[in-house]
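Student: Could you take one part of this model and walk me through it closely? I'd like to see what surrounds it and how it ties in with the rest.

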Amino acid sequence: MFAAIQPGTPNQQVMPYAFYNAGVQIFDLKDPKKPTIGAYFLPKMSGEYLSNDGSGFETSEHSNPVHSIFVEWDRNLVWAFSNHGIYVLSTPLLGEPKRGSAQTK
């Protein structure tokens, strides 16, 4: 899943995708006739987390760890939202991550 508005200009040679139980996969599209998986991230698949009401711990769902991603194209970062938390990812496919506040042009 992608959010409708993501900062920056998307890189047409890279396609990050949330693959649920297969984590985050980032496709290298430099050769559009032969896409490859250029990078991937798989968070832990099970464990305990604090319940929504804060009354105790619950065991996580095994089948769907990565629900969605958000790409900051202007900072070369991918945010992955999973059953166990939020992860910020970087990969050489996007370029060096740009730290600090985003620059507007």
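Tutor: Let's fix one cut-off before anything else: a residue counts as buried when its relative accessible area is under 20%, and as exposed when that area is over 50%. Keep in mind too that this is a predicted model.

The part I'd pick is strand β2, residues 24–28. Confidence is a good reason to start there: within the protein chain, β2 has the highest mean pLDDT, at 95, while strand β4 (residues 48–50) has the lowest, at 72. The chain as a whole averages 84, with 85% of the residues scoring at least 70. Where pLDDT is low, the predicted coordinates should not be read in detail.

Now, how covered is β2? Of its 5 residues, 5 are buried. In a regular strand the side chains alternate between the two faces of the sheet. For β2, that puts Val24, Ile26 and Asp28 on one side and Gln25 and Phe27 on the other, and both faces are covered.

Asp28 deserves a second look. With a relative accessibility of 16%, aspartate 28 falls under the 20% cut-off, so it counts as buried. Aspartate 28 also makes a salt bridge to lysine 30, with 3.5 Å between the closest N and O atoms. Lysine 30 sits on the other side of the classification: at 51% relative accessibility, it counts as exposed. So this salt bridge links a buried aspartate 28 to an exposed lysine 30.

Next, the strands on either side. β2 pairs with strand β1 (residues 14–18) in the antiparallel sense, over 5 bridges. One of the matches there is proline 16 with isoleucine 26. The two strands make a hairpin with 5 residues between them, and in that turn tyrosine 20 has a positive phi of about 50°. Then there is strand β3 (residues 36–41), which also pairs with β2 in the antiparallel sense over 5 bridges. Here the bridge partner of isoleucine 26 is alanine 39, and that of aspartate 28 is threonine 36. Isoleucine 26 therefore has a bridge partner in each neighbouring strand: proline 16 in β1 and alanine 39 in β3.

Put together, these strands form an open sheet of 3 strands in the order β1-β2-β3, with antiparallel pairing. β1 and β3 are the edges, each with a single partner strand, so one side of each has no neighbour in the sheet. From one strand to the next, the twist averages 25°.

What links β2 to the rest of the model? Follow isoleucine 26 and you reach valine 78, which has Ile26 among its contacts. Valine 78 lies in strand β7, and at a relative accessible area of 1% it is buried. Its other contacts include Ile69, Phe70, Val71, Tyr87, Val88, Leu89 and Leu94. Proline 16 comes into the picture here as well: valine 78 and proline 16 are 62 residues apart in sequence, yet their C-alpha atoms are 8.0 Å apart in space.

That brings us to a second open sheet of 3 strands, ordered β6-β7-β8 with antiparallel pairing. Its edge strands are β6 (66–72) and β8 (85–89), each pairing on one side only. The twist in this sheet averages 20° from one strand to the next. Strand β7 (residues 77–82) is joined to β8 by 5 bridges, and one of the matches is alanine 80 with tyrosine 87.

The loop between β6 and β7 holds asparagine 76, which counts as buried at 10% relative accessibility. Its side chain reaches the backbone oxygen of glutamate 96 at 2.9 Å. Beyond its sequence neighbours, asparagine 76 is in contact with Leu89, Ser90, Leu94, Gly95, Glu96, Pro97 and Lys98.

One last item takes us back to salt bridges. A search of the whole structure finds 2 of them. Besides the pair in which aspartate 28 takes part, there is arginine 75 with glutamate 72, where the closest N and O atoms are 3.4 Å apart. Arginine 75 counts as buried at 19% relative accessibility, and glutamate 72 counts as buried at 11%.

Conventions: Residues are numbered from 1 along each chain as its sequence is written. This is a predicted model: local features need pLDDT of at least 70, side-chain atom pairs count only at pLDDT 80 or more; totals for chains, interfaces and linings use all residues. Side-chain values use heavy atoms; hydrogens and water are left out. Buried means under 20% relative accessible area, exposed over 50%, partly exposed in between (1.4 Å probe, protein chains only). Helices (H or I, at least four residues) and strands (E, at least two) are DSSP runs, numbered from the N terminus. Two strands pair if DSSP finds at least two bridges between them. pLDDT is the predictor's confidence in each residue, from 0 to 100. Axes are lines fitted to C-alpha atoms, for helices over the stretch in contact, and angles run from 0 to 180 degrees between N-to-C directions. Contact means heavy atoms within 4.5 Å. A salt bridge is a side-chain nitrogen of Lys or Arg within 4 Å of a carboxyl oxygen of Asp or Glu. A polar contact is a pair of N or O atoms within 3.5 Å; within protein, one must be able to donate a hydrogen and the other to accept it, and residues adjacent in sequence count only if both atoms are side-chain atoms. Lists of a residue's contacts leave out its neighbours within four places in sequence.
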